[in-house]
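Colleague: I would like a close look at one part of this model. Please take me through the nonpolar patch and the helices around it, in short steps.

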Amino acid sequence: MTKTILRSAIAAVIGIVVAFGLIWLAQYAGSEFSPAEYDVDSGEILIPLGSTIALIMGWFIGTFAGAWLAMRGSAGTGAGWIVAGSVIGAALYRAVTLADTWWIMTLGVAVPIAAVWLAQRATAVAAE
């Protein structure tokens, strides 16, 4: 039993690292294609739609890849859901600290849940 818990914990940590690495890569690519602009009049940083779309895609791709890897490594589904929970937590923290709109907060929860659900289905198909 200890081996199973340790295996799941290691798989979850590796999945989280992969997920956040892919999310960072998507954010970096989005900021390269459509960089944020500083509004001198209001003192705000204006984030273009392209960067936001890249971030949302990063949430999906990162969660899917990290959760799939964690589920395959742990031979169970719990580690993948831990990866999704960490992405959701980070997405909500980002949305609250940057005072994002309600739809970003909603997508910050819905996109990782959809991704981990699809990863769970893909893992089940791959295991058969």
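Modeller: What follows starts with the whole chain, goes on to the patch, and ends with single residues. Keep in mind that this is a predicted model.

Start with the overall layout. The protein has 4 helices and 2 strands. From the N terminus on, their order is α-β-β-α-α-α. The C-alpha trace spans about 60 × 25 × 20 Å along its principal axes. The protein has 128 residues, and 30% of them count as buried.

Now the patch itself. Which residues form the nonpolar patch on the surface? They are Leu-49, Ile-53, Met-57, Phe-60, Ile-61, Trp-81, Trp-102, Trp-103, Ile-113, Trp-117 and Leu-118. Together they have about 1100 Å² of accessible area. Which helices each supply at least two residues of the patch? Helix α2 does, and so does α4, which runs over 102-127.

Take one member and look closer. Met-57 belongs to the patch and sits in helix α2. Is Met-57 buried or exposed? The answer lies in between: Met-57 is partly exposed, because its relative accessibility is 48% and the exposed class starts over 50%.

Helix α4 also has a residue with the opposite character. Ala-119 lies in α4. Its relative accessible area is 0%, so Ala-119 is buried; the cut-off for buried is under 20%. Ala-119 also has a partner far off in sequence. Thr-63 is 56 residues away along the chain, yet the two C-alpha atoms are separated by 8.5 Å.

Next, see how α2 sits against α3. Two packed helices are described by the angle between their axes and the distance between the axes. Here the axes of α2 and α3 come within 7 Å. They cross at roughly 155°. Why are the two helices called roughly antiparallel? The class takes angles over 145 degrees, and α2 and α3 therefore count as roughly antiparallel to each other. The crossing of α2 past α3 is right-handed.

What links these two helices? Helix α2 covers 49-74 and α3 covers 78-97, with Ala-75 in the loop between them. Ala-75 has a positive phi of about 60°, although it is not a glycine. Is Ala-75 buried or exposed? Ala-75 counts as exposed, because its relative accessibility is 62% and the limit is over 50%.

Finally, look away from the patch for contrast. Helix α1 covers residues 2-33, and Leu-25 is found there. Leu-25 counts as partly exposed, at 45% relative accessibility. Its C-alpha atom is 23 Å from that of Thr-101, which is 76 residues away along the chain. Then comes strand β2, residues 44-46, which holds Glu-44. Glu-44 is partly exposed as well, with a relative accessible area of 47%. How far apart in space are Glu-44 and Leu-118? They are 37 Å apart, C-alpha to C-alpha, and 74 residues apart in sequence. Leu-118 brings us back to the patch, since it is one of the residues that form it.

Methods: Residues numbered from 1 in each chain as written. Predicted model: local features only at pLDDT ≥ 70, side-chain atom pairs only at ≥ 80, totals over all residues. Heavy atoms only, no water. Buried < 20%, exposed > 50% of the residue type's maximum accessible area, 1.4 Å probe, protein only. Patch = residues over 30% accessible without salt bridge, like charges linked within 9 Å, V, L, I, M, F, W, Y side chains within 5 Å. Areas by Shrake-Rupley, 256 points an atom, 1.4 Å probe, with all protein chains shown as cover. Salt bridge = Lys/Arg side-chain N within 4 Å of Asp/Glu carboxyl O. Axes fitted to C-alpha atoms, helices over the stretch in contact; angles between N-to-C directions. Parallel < 35°, antiparallel > 145°, perpendicular 65-115°, else oblique. Left-handed = near helix turned anticlockwise from the far one by under 90°.
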